[in-house]
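Hi everyone, thanks for coming along. I'd like to walk you through one chain today, so please have a look at the screen.

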Amino acid sequence: MKYDVTIGIPVYKSEDYIRRALESALVQTYNSIEFLLVDDAGGDGSLTIMQKIQQTHQRGTDVRIISHDTNMGVSASRNQIIDEAKGEYLYFMDSDDVISKDTISLMMEK
């Protein structure tokens, strides 16, 4: 499926933050968004949290999770997001960021 926007989030040892960040992304008022998460083998509960949200959220089918076997660093994760994104535009978030529900709509209007 092709999207207008991909929101890319590299994730490493973020179990205390990732739920809030991902939920703020998932409530965007703009519809054509892919949510691409790269778990960089942090070994904490981040991956489990992301998978649970993916399975239960109404936009879960638009969430893709890529998992690294070993830690490769944030640059490798961001590069993989660039390579794998299906959106025409790319918006990066950090795993502890929170965005307003109209962030992508406002950007797409401009």
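Let me start with a question: leaving aside its neighbours within four places in sequence, which residues is Ser24 in contact with? They are Met93, Asp97, Val98 and Ile99. By contact I mean heavy atoms within 4.5 Å.

Before going further, a word on the ground rules. What you see is a predicted model, in which local features need pLDDT of at least 70 and side-chain atom pairs count only at pLDDT 80 or more, while totals for chains, interfaces and linings use all residues. Residues are numbered from 1 along each chain as its sequence is written, and side-chain values use heavy atoms, with hydrogens and water left out.

Now the overall layout. The chain has four helices and four strands, and from the N terminus they run β-α-β-α-β-α-β-α. Helices here are DSSP runs of H or I with at least four residues, strands are runs of E with at least two, and both are numbered from the N terminus.

How does the chain fill space? Its C-alpha atoms occupy a box of roughly 40 × 25 × 25 Å along the principal axes. The radius of gyration is 13 Å, which agrees with the value near 13 Å for a compact globule of 110 residues. That radius is taken over C-alpha atoms, and the globule rule is 2.2 Å times the number of residues to the power 0.38.

Of the 110 residues, 43% count as buried. Buried means under 20% relative accessible area, exposed means over 50%, and partly exposed lies in between, with a 1.4 Å probe and protein chains only. Among contacts with a separation of 6 or more, 82% join residues 24 or more positions apart. The chain exposes about 6,100 Å², and carbon and sulfur atoms supply 45% of that; the areas come from the Shrake-Rupley method with a 1.4 Å probe, and for residues only the protein chains shown count as cover.

Let's go back to Ser24. This residue sits in helix H1, residues 18–26, and counts as buried because its relative accessibility is 7%. Ser24 has company there: Ile18, Ala21, Leu22, Ala25 and Leu26 are also among the buried residues of H1. An α-helix has 3.6 residues a turn, so residues three or four places apart point the same way. The cover over the buried residues of H1 includes strand S1 (3–11), S2, helix H2 (46–56) and strand S3 (63–67).

One partner of Ser24 deserves its own moment, and that's Asp97. You'll find Asp97 in the loop between strand S4 (87–92) and helix H4 (103–109). With 28% relative accessibility, Asp97 counts as partly exposed. Beyond its neighbours within four places in sequence, Asp97 is in contact with Ala21 and Ser24. Asp97 and Tyr17 are 80 residues apart along the chain, yet their C-alpha atoms are separated by 8.1 Å. Within its own loop, a polar atom of the Asp97 side chain lies 2.8 Å from the backbone nitrogen of Asp94.

Next stop, strand S2. Is Glu34 buried or exposed? Glu34, which is found in S2 (residues 33–39), is buried, at 1% relative accessibility. Not counting residues up to four places away in sequence, Glu34 touches a long list that includes Tyr3, Val5, Asp62, Arg64, Lys86 and Gly87. Gly60 lies 26 residues from Glu34 along the chain, with a C-alpha separation of 9.7 Å. That glycine is in the loop between H2 and S3 and is buried too, at 7% relative accessibility.

Now for some other loops. Lys13, in the loop between S1 and H1, has a positive phi of about 45 degrees although it is not a glycine. Ala41 also has a positive phi without being a glycine, about 55 degrees. Ala41 lies in the loop between S2 and H2, and is partly exposed at 26% relative accessible area.

That brings us to Thr70, in the loop between S3 and helix H3 (74–84). Thr70 is exposed, with a relative accessible area of 53%. Not counting residues up to four places away in sequence, Thr70 touches Asp40 and Ala41. From Thr70 to Asp40 is 30 residues in sequence and 6.9 Å in space, C-alpha to C-alpha.

That's my tour, and I'm happy to go back to any part of it.

Note on methods
A polar contact is a pair of N or O atoms within 3.5 Å; within protein, one must be able to donate a hydrogen and the other to accept it, and residues adjacent in sequence count only if both atoms are side-chain atoms.
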